[in-house]
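Let's walk through this model together, starting where its parts meet and ending at the ligand.

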Amino acid sequence: MTSNASEFDRARKVLVGGVNSAVRAFRAVGGTPRFIDRAEGAYMWDVEGKRYIDYLGSWGPMIVGQSHPHVVKAVQQAAERGLSYGAPNVMESELAERICALFPQVERVRFTSSGTEASMSAIRLARGYTGRDKLIKFEGCYHGTADSLLVKAGSGALAFGTPSSAGVPEDTARHTLVAQYNDLASVEAFFKQYPDQISCVMVEPYAGNMNLIKPAAGFHEGLRKLCTEHGALLIFDEVMTGFRVALGGAQELIGVTPDLSAFGKVIGGGMPVGAIGGPAKVMEMMAPLGTVYQAGTLSGNPIAMAAGLATLDLIEKPGFFAALGRNCQRLVDGLNEAARAAGVTFCAQSEGGMAGMYMMATVPQSFAQVQTQDVERFKRFYHLMMDAGVYLPPSPVEAFFFSSAHSDADIDFTINAAREAFAAIA
Ligand code: KE4
């Protein structure tokens, strides 16, 4: 019988850090990553046969739970018709049509194979459309691993203390202006300092990569106004929030319309999918119609399209998001009550099927605030929950994810495990 430890030793001999994505290495919480053998519904099992209630959800995609029969069947049927064509297939049109129907300002879509490609292509499109080089992002926001966006980034870059990655030339990074989330003055200052030079503002409408931080009232309305006034494009990176906080993403909840949106995760149903969406007049700057080049061998891959379409079938059902939000909130309320009962300084919050927990007294509203949480206490809590069979994202600066597969019993189990963990760290 193998073990997580032996598999990690084996992996590190041939994979950098034993992983294919940095955050999976458990560097932010310590300990040994679990090597997952299989997953079904709300659960994952590691190679030692231990079951976990899954609040990672593959970092967001698995909103209907793992191996949902409707999704698996769609993937199997697609696979029997060929794994990749490198030529158009009708499922690409079908999935794009369904995205356009959910996001009124999206008239054209371009699929990619990752959120990184979607965000990177959206930046290139904004630069090509406006003829301007600079972009504004926010400290702690993460948009994948394109060079120009790995400047004061969130997620693993933040957790490992390398928010501005090595290997990004200064000549590239100097075009990336870093503002503060929920701080409109920091954005306005850049527009004053660099008139007519800023192509876009890219923002996670609900930040999820410095843990969950919700937008302050008026923040996005202010970004919208500044971008319109200064001729810059407002780009919502909805790779995490799209089809997650609401069917129509964060823009449905906030009521602010961006010029471009980046999507991913849920629309792939676990398969590699990213997407850019926006008005035809902007999107058609992209090849083959325009001069902004964009391409990808596996973009619109039939297997990925089938998984995305099947997932949309399920989340578009009436009442899906009402139930998801209600149940996720019940979990969050239970965690907060358990911490209060143990006298532990902790809080948690949610939006739809996305949530955050923090070892601090009140929910953070800025990058600086979330940095004040007690990380060491989070690490102890994390491993107590893991040992109890509850798999949370292995980092104090990541959101966690709820699915329609999580039952009342799973929620109760999780709250009880938290009660015991809080008692142990009180
Ligand atoms: P990918 O290239 O990892 O598919 O997507 C990048 C990305 C873009 N935009 C947002 C808002 C994102 O959250 C992400 C990726 N999210 C991380 C989780 N914090 C993925 C986990 C990982 O890096 O393995």
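Across the interface of domain 1 and domain 2, 15 residue pairs are in polar contact, both partners at pLDDT 80 or more. A polar contact here is a pair of N or O atoms within 3.5 Å; within protein, one must be able to donate a hydrogen and the other to accept it, and residues adjacent in sequence count only if both atoms are side-chain atoms. This is a predicted model, so local features need pLDDT of at least 70 and side-chain atom pairs count only at pLDDT 80 or more, while totals for chains, interfaces and linings use all residues. Residues are numbered from 1 along each chain as its sequence is written, and side-chain values use heavy atoms, with hydrogens and water left out.

So which stretches are we talking about? Domain 1 is 4-67 + 319-425 and domain 2 is 69-315, with bounds from an automatic or database domain assignment. Their C-alpha centres sit 25 Å apart. In contact terms (heavy atoms within 4.5 Å), 38 residues of domain 1 touch 37 of domain 2. Together the two domains bury about 2,900 Å², 66% of it on carbon and sulfur atoms; that is the accessible area (1.4 Å probe) lost on putting the two parts together, summed over both. On the domain 1 side, Glu351, Met354 and Phe367 lose the most area to domain 2, together 23% of what that side buries.

There is also 1 salt bridge between the domains, meaning a side-chain nitrogen of Lys or Arg within 4 Å of a carboxyl oxygen of Asp or Glu. Lysine 214 and glutamate 351 pair up in a salt bridge at 3.5 Å, N to O.

Now for the ligand. Both domains give residues to the shell around the ligand, so it lies between them. That shell has 17 residues, the closest being Ser21, Thr116, Asn209, Asp237 and Glu398, where a residue counts if one of its heavy atoms lies within 4 Å. A polar side-chain atom of glutamate 398 comes to 2.7 Å from a ligand nitrogen, and a polar backbone atom of glycine 115 is 3.0 Å from a ligand oxygen.
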